[in-house]
Amino acid sequence: NAIEFFKNGMKPGPKQNRKTRIVSVDIAGDAAFAKLEIEYATFTFVDYMHLLKIDEEWKIVSKISHQEFFKKN
């Protein structure tokens with residue numbers, strides 16, 4: 001399941017001041033597309049990932065990202 005791939009794919013490390021969320025996952029057979037957001041204090045990364053299920057395991061085959069800065073008041 002591609003959603004489990006993202007939930008379980010993060011490796012432990014030092015705690016960072018960020019919020020992460022899976023925005024959406026669209027699955028069609030052995031292909032999937034996921035949108036993820038990683039929010040920091042001053043900006044957000046939006047990642048778009050394409051996945052393929054190969055030998056019963058989900059693999060990321062491409063990724064593009066966008067960095068969005070928050071406006072200062």
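## The loop between strands 3 and 4, and what surrounds it

At 68% relative accessibility, Glu56 counts as exposed. This model is predicted, and every value below is computed from it.

Glu56 sits in the loop that joins strand 3 to strand 4. Asp55 is in the loop between strand 3, which covers 43–54, and strand 4, which covers 57–69. Asp55 is exposed as well, since its relative accessible area is 75% and the exposed class begins over 50%.

Both loop residues have an uncommon backbone angle. Most residues other than glycine have a negative phi. Asp55, although not a glycine, has a positive phi of about 55°. Glu56, also not a glycine, has a positive phi of about 65°.

The side chain of Glu56 takes part in a salt bridge with Lys53, where the closest N and O atoms are 3.9 Å apart. Lys53 is partly exposed, at 28% relative accessibility, whereas Glu56 is exposed at 68%.

### Salt bridges

How many salt bridges does the structure hold? There are 4, and the table lists three pairs, including the one in the loop region.

| Pair | Closest N to O distance |
|---|---|
| Arg21 and Glu37 | 3.1 Å |
| Lys63 and Asp47 | 3.8 Å |
| Glu56 and Lys53 | 3.9 Å |

Arg21 and Glu37 meet through their side chains, at 3.1 Å from N to O. This pair links distant parts of the chain, with Arg21 in strand 1 (residues 19–28) and Glu37 in strand 2, 16 residues apart. Arg21 is partly exposed, with a relative accessibility of 47%.

The salt bridge of Lys63 and Asp47 also links distant parts of the chain: Lys63 belongs to strand 4 and Asp47 to strand 3, and 16 residues separate them. Is each partner buried or partly exposed? Lys63 counts as partly exposed at 49% relative accessibility. Asp47 has a relative accessible area of 7%, so Asp47 is buried, given that the buried class lies under 20%.

### Aromatic pairs

The structure holds 5 aromatic pairs. One of them is formed by Phe33 and Tyr48, whose ring centres are 6.0 Å apart and whose planes stand at 20°, so the pair is stacked. Phe33 is in strand 2 (residues 31–39) and Tyr48 is in strand 3, so this pair ties together parts that are 15 residues apart in sequence. Phe33 is partly exposed, with a relative accessible area of 31%. Tyr48 is partly exposed too, with 27%.

Tyr40 and Phe43 form a further stacked pair, because their ring centres are 4.9 Å apart and their planes are at 25°, under the limit of 30 degrees for stacking. Tyr40 counts as partly exposed at 21% relative accessibility, while Phe43 counts as buried at 17%. The two values lie on either side of the 20% limit, which is why the partners fall into separate classes. Tyr40 and Phe43 also belong to one aromatic cluster, together with Phe45 and Phe69.

### Nonpolar core and surface patch

Which residues make up the largest nonpolar core? This core has 6 residues, namely Ala32, Ala34, Leu36, Met49, Leu51 and Trp58. Strand 2 and strand 3 are the elements that give two or more residues to the core. Strand 2 gives the most, with 3 residues.

Nonpolar side chains also appear on the surface. Leu52, Ile54 and Val61 form a nonpolar patch there, and together they have about 230 Å² of accessible area. Leu52 is placed in strand 3, and with a relative accessible area of 36% it is partly exposed.

### Thr44 and its contacts

Thr44 is another residue of strand 3. Is Thr44 buried or exposed? Thr44 counts as buried, because its relative accessibility is 7% and the buried class lies under 20%.

Leaving aside neighbours within four places in sequence, Thr44 is in contact with Glu37, Ile38, Glu39, His66, Gln67, Glu68 and Phe70. Among these contacts is Glu37, the residue of strand 2 that is paired with Arg21 of strand 1.

Terms used:
Residues numbered from 1 in each chain as written. Predicted model: local features only at pLDDT ≥ 70, side-chain atom pairs only at ≥ 80, totals over all residues. Heavy atoms only, no water. Helix = DSSP H or I, 4+ residues; strand = E, 2+ residues; numbered from the N terminus. Buried < 20%, exposed > 50% of the residue type's maximum accessible area, 1.4 Å probe, protein only. Phe/Tyr/Trp six-rings, centres within 6.5 Å; stacked < 30°, edge-to-face > 60°. Core = buried A, V, L, I, M, F, W, Y, C linked by side-chain atoms within 4.5 Å. Patch = residues over 30% accessible without salt bridge, like charges linked within 9 Å, V, L, I, M, F, W, Y side chains within 5 Å. Areas by Shrake-Rupley, 256 points an atom, 1.4 Å probe, with all protein chains shown as cover. Contact = heavy atoms within 4.5 Å.
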